[in-house]
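Morning, everyone. I have one structure to go through today, and I will take it piece by piece. Please have a look at it first.

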Amino acid sequence: MIAISARDITRGFDHPNGRVEVLLGVDLDVSAGEVVTISGRSGSGKSALFAVLCGFDKPDAGTVEVCGAPLAAVPAWEDCAVLPQALGLAQELTLAENVALPLRLSRQTEPSRVDDLLAELGISELADRYPQEVSYGQQQRAALARAVSVHPRVLLADEPTAHLDHASVTAVLALLRRTAGEGTAVLIATHHDEVHDIADRRLSLTNGRIT
Ligand SMILES: Nc1ncnc2c1ncn2[C@@H]1O[C@H](COP(=O)(O)OP(=O)(O)O)[C@@H](O)[C@H]1O
Ligand SMILES: [Mg+2]
């Protein structure tokens with residue numbers, strides 16, 4: 001079953017010295033249970049594409065569907081969860097509260113879910129700290145725990161290992177792979193070979209298109 005599909009996505013941005021067309025007709029399908037990685041040079045538009053896929057940004061043209069339905073104006077995290085490259089943790093909430101937020105918003109009760117994810121990612125002892133009190137790599141793991149907490153249909157992970165040491169990379173990759181095993185469609189933007197190694201399919205974003 002196709003969990004997320006994008007058709008002919010175009011997106012450009014106006015800059016002081018002219019308009020830059022970044023996405024020039026992106027087509028993409030990711031099935032439930034599949035891990036797909038996207039590589040591409042810095043500035044090739046991976047984060048811009050993810051912003052469109054999760055509804056943070058509107059494309060100039062093209063369509064996104066999640067499980068066969070058009071993407072809602074404000075998609076629920078159960079449908080499409082994201083680990084943004086800029087992480088986007090709520091600064092006024094502790095790490096544990098950040099991870100619990102999608103569960104609360106979707107009224108899911110899974111008693112040990114937050115504790116289990118924090119433990120799996122090695123940040124249990126930081127549960128009651130605020131984002132600015134932990135390292136960027138620790139924030140990144142909390143942001144991943146938040147994204148997978150609700151067992152989303154689609155997970156978009158934008159450079160999920162960018163700030164991590166080797167042991168943390170291993171834990172993050174195991175969690176991403178298991179999340180797919182539980183039925184989530186996992187799409188990952190990455191430059192790292194060890195991330196491509198867990199992929200069922202590898203794509204590249206080049207000159208505004210997927211190859
Ligand atoms: N919201 C935005 N406003 C203006 N320009 C943007 C915006 N988002 C992305 N861009 C531009 O689009 C290009 C691709 O950026 P990005 O998607 O972040 O690349 P990548 O994630 O592949 O490194 C860059 O030239 C960037 O300046
Ligand atoms: Mg990026």
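One convention before the pocket: Ala, Val, Leu, Ile, Met, Phe, Trp, Tyr, Cys and Pro count as nonpolar, Asp, Glu, Lys and Arg as charged, and the others, Gly among them, as polar. Keep in mind too that this is a predicted model.

With that convention, the lining of the largest pocket has seven polar, two nonpolar and two charged residues. The volume of this pocket comes out at about 170 Å³. Which residues line it? They are E21, V22, G40, R41, S42, G43, S44, L205, T206, N207 and G208. Two strands, β2 (18-31) and β9 (201-206), each contribute at least two residues to that lining.

Strand β9 also leads us to β3. The two strands pair in the parallel sense, over four bridges, and in that pairing V36 stands opposite R201 of β9. What does β3 do with β8? Those two run parallel as well, joined by four bridges, and V35 has V186 of β8 opposite. As for burial, four of the five residues of β3 are buried, so the strand is largely enclosed by the rest of the structure. Buried here is under 20% relative accessible area.

Now to helix α5, residues 166-181. Its 16 residues, at 1.5 Å a residue, should span 22 Å, and the end C-alpha atoms are 23 Å apart, which agrees. Which of its residues are buried? S168, V169, A171, V172, L173, L175, L176, T179 and A180 are. What do these buried residues pack against? On the strand side of the list there are β3 (35-39), β7 (154-158) and β8 (185-189), and the helices are α3 (113-120), α4 (136-148) and α6 (193-196). So β3 comes up again, this time as a packing partner of α5. Just past the end of α5, G183 has a positive phi, about 115°.

Last item, the antiparallel sheet. In what order do its four strands come? The order is β2-β1-β4-β5, and the sheet is open. Its edge strands are β2 and β5 (69-70), each pairing on one side only. Strand β2 is thus the one we met at the pocket lining. At the other edge, β5 pairs with β4 (residues 61-66) in the antiparallel sense over two bridges, and the bridge partner of E65 in β5 is P70.

That is what I have.

Key:
Residues are numbered from 1 along each chain as its sequence is written. Chains are lettered from A and ligands numbered from 1 in the order in which they are written. This is a predicted model: local features need pLDDT of at least 70, side-chain atom pairs count only at pLDDT 80 or more; totals for chains, interfaces and linings use all residues. Side-chain values use heavy atoms; hydrogens and water are left out. The expected span of a helix is 1.5 Å times one less than its number of residues. Buried means under 20% relative accessible area, exposed over 50%, partly exposed in between (1.4 Å probe, protein chains only). Contact means heavy atoms within 4.5 Å. On a 1 Å grid over the protein atoms alone, a cavity is a set of points where a 1.4 Å probe fits but cannot get out, and a pocket is an open set with protein on both sides within 12 Å along at least five of seven lines; lining residues have an atom within 4 Å of a point. Grid points are joined across faces, edges and corners, and a volume is the space filled by probe spheres set on the points. Two strands pair if DSSP finds at least two bridges between them.
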